[in-house]
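This report walks through one protein model, from a single residue outward to the metal site. Please keep the viewer open while reading.

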Amino acid sequence: MSAHPHGCTCFIIPPKMLRTLAEQTADASERDCLLDAAEISAHLRGQRSVAPVVLGITAGVRDEKSRHVYDAQSKSTLPGKLARGEGGKPVTDNAVNQAYDGAGATYDFYREVLQRHSIDGKGLRIDSTVHYQTRFNNAFWNGQQMVYGDGDGKLFLGFTGALDVIAHELTHGVTQYAVPGGLVYEDQSGALNESISDVFGCVAKQWTLKQNVEQADWLIGAGILAPSVGKALRSMADPGNQALTWSGDDQPKTMAGYLEHGDVHTNSGIPNHAFYAAAIALKGNAWDKAAPIWYKALGLLTPNATFADMARATAESAALLYGAGSPERRAVQAAWKLVGVT
Ligand SMILES: [Zn+2]
């Protein structure tokens, strides 16, 4: 069995954001809640994550959804108690149903738009755990499954209701398998890893809502923050525009603002904006051309890929899909030039 050494434990809320909010809050219990989440997130991120061990017969591709949602019952043991399996009726616990539906919508997006069978491309079952710990302010992919906290209800309103958040996290799983050897979760390859999750998280939401590139809000995490914190985590249309996101948004939009050794969630603004620019130039729906071009590029990357490598890979995949002299390839090249990568 091939190893996937560069899977990640990847959180939707960067520990840095949790610490920033902790500094700003006057409520001691709220501050503890934020700092606990930051500490737990940093601790878990340091653990080695491994790809799932697939037991039994692995030959062939299973072309059906297989979702299992578990309840951690406010503890940290994974996966917890099974709350709803594939085909099971909705239960009274809304978080369970939201995690189930979000995993389903993400699966459908990959299956119908990109012809990919689940996270590993072979029909891997999608496991999710809800109610992880108490008032836990984060959601993450741990290399094997999705895990959701409930949020504190004051600053973070919950994570299971936002499809882009769910698709973002599950895409970390896709990247782990689709990029040969995975993408190292630091520096430019880490920022690319984050950006790829934002790209497909955002497009999965647009596809589900049937929004074209003009109608879409291009925000990541809209709806998970209390209005006192902000409107979203990030904007692909205008990275770093705090009026659209929140007061600590420090994402650069172009290489002029690139932060040497910056957080992977920060420099990801640059490739995010390149995708946005390409999608806008290609018009219509982002899932028709831009997303397939980005998706095909994943197979052309290596674990330490840089932004320039992604620019080359997307130009190459546009050429493979539409022709070397195609307007699609030129639009992709122009987008990377716009953000200063090429
Ligand atoms: Zn992420």
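W336 touches P271, A274, W294, F307, M310, A311, T314, V341 and T342, leaving aside residues up to four places away in sequence. Contact here means heavy atoms within 4.5 Å. The model is predicted: local features need pLDDT of at least 70, side-chain atom pairs count only at pLDDT 80 or more, and totals for chains, interfaces and linings use all residues. Residues are numbered from 1 along each chain as its sequence is written, and side-chain values use heavy atoms, with hydrogens and water left out.

**Cores**

W336 is one of the residues with the most contacts inside the largest nonpolar core, together with F109, F200, W218, F275 and W294. That core has 55 residues. A nonpolar core is a set of buried Ala, Val, Leu, Ile, Met, Phe, Trp, Tyr and Cys residues joined through side-chain atoms within 4.5 Å. Buried means under 20% relative accessible area, exposed means over 50%, and partly exposed lies in between (1.4 Å probe, protein chains only).

Which elements give two or more residues to this core? They are α3 (94–114), α4, α5, α7 (269–282), α8 (290–298), α9 (307–322) and α10 (327–338). The largest share, 9 residues, comes from α5. Helices (H or I, at least four residues) and strands (E, at least two) are DSSP runs, numbered from the N terminus. Domain 1 (10–178) and domain 2 (187–338) both give residues to this core, so the core lies between them. A second, separate core has 43 residues, including Y107, I119, V130 and I224.

**Domains**

The domain assignment gives domain 1 (10–178) and domain 2 (187–338). Such bounds come from an automatic or database domain assignment. The C-alpha centres of the two domains lie 22 Å apart. Domain 1 puts 34 residues into the contact, and domain 2 puts in 38 residues. The area buried between them is about 2900 Å². Carbon and sulfur atoms give 68% of that area. Buried area is the accessible area (1.4 Å probe) that two parts lose on being put together, summed over both.

**Zinc site**

The zinc ion is coordinated by H168 (NE2), H172 (NE2), E194 (OE) and E194 (OE), at 2.0 to 2.8 Å. Donors are N, O and S atoms within 2.8 Å of the metal (3.2 Å for Na, K and Ca); water is not among the atoms, so sites may look incomplete. Along the chain, the donors follow the spacing H-x3-H-x21-E. H172 lies in helix α4 (residues 163–178) and E194 in helix α5 (residues 187–209), so the pair ties together parts that are 22 residues apart in sequence. Both H172 and E194 are buried.

What is the geometry of the site of the zinc ion? With angles of 51 to 130° among its 4 donor atoms, the site is irregular. Four donors count as tetrahedral if all angles lie between 85 and 135 degrees; four count as square planar and six as octahedral if opposite donors are over 155 degrees apart and all others between 65 and 115; anything else is irregular.

**Loops and a strand**

Five residues of interest follow, with their accessibility.

| Residue | Location | Relative accessible area |
|---|---|---|
| T25 | loop between α1 (15–24) and α2 (28–46) | 16%, buried |
| N212 | loop between α5 and β7 (219–220) | 23%, partly exposed |
| Q73 | loop between β2 and β3 | 44%, partly exposed |
| Q133 | loop between β4 (126–130) and β5 (139–141) | 17%, buried |
| Y70 | strand β2 | 11%, buried |

Beyond residues up to four places away in sequence, T25 touches E30, R31 and L34. With that same exclusion, N212 touches G284 and N285. N212 and K283 are 71 residues apart in sequence and 7.9 Å apart in space, C-alpha to C-alpha.

Now the backbone. Most residues other than glycine have a negative phi, and most peptide bonds are trans. Q73 has a positive phi of about 50° although it is not a glycine. For Q133, also not a glycine, the positive phi is about 55°. The peptide bond from L78 to P79 is cis, with omega near 5°. P79 lies in the loop between β2 (67–71) and β3 (81–85).

Y70 touches P79, among other residues more than four places away in sequence, including R125, D127 and V130. Y70 and D152 are 82 residues apart in sequence and 20 Å apart in space, C-alpha to C-alpha.
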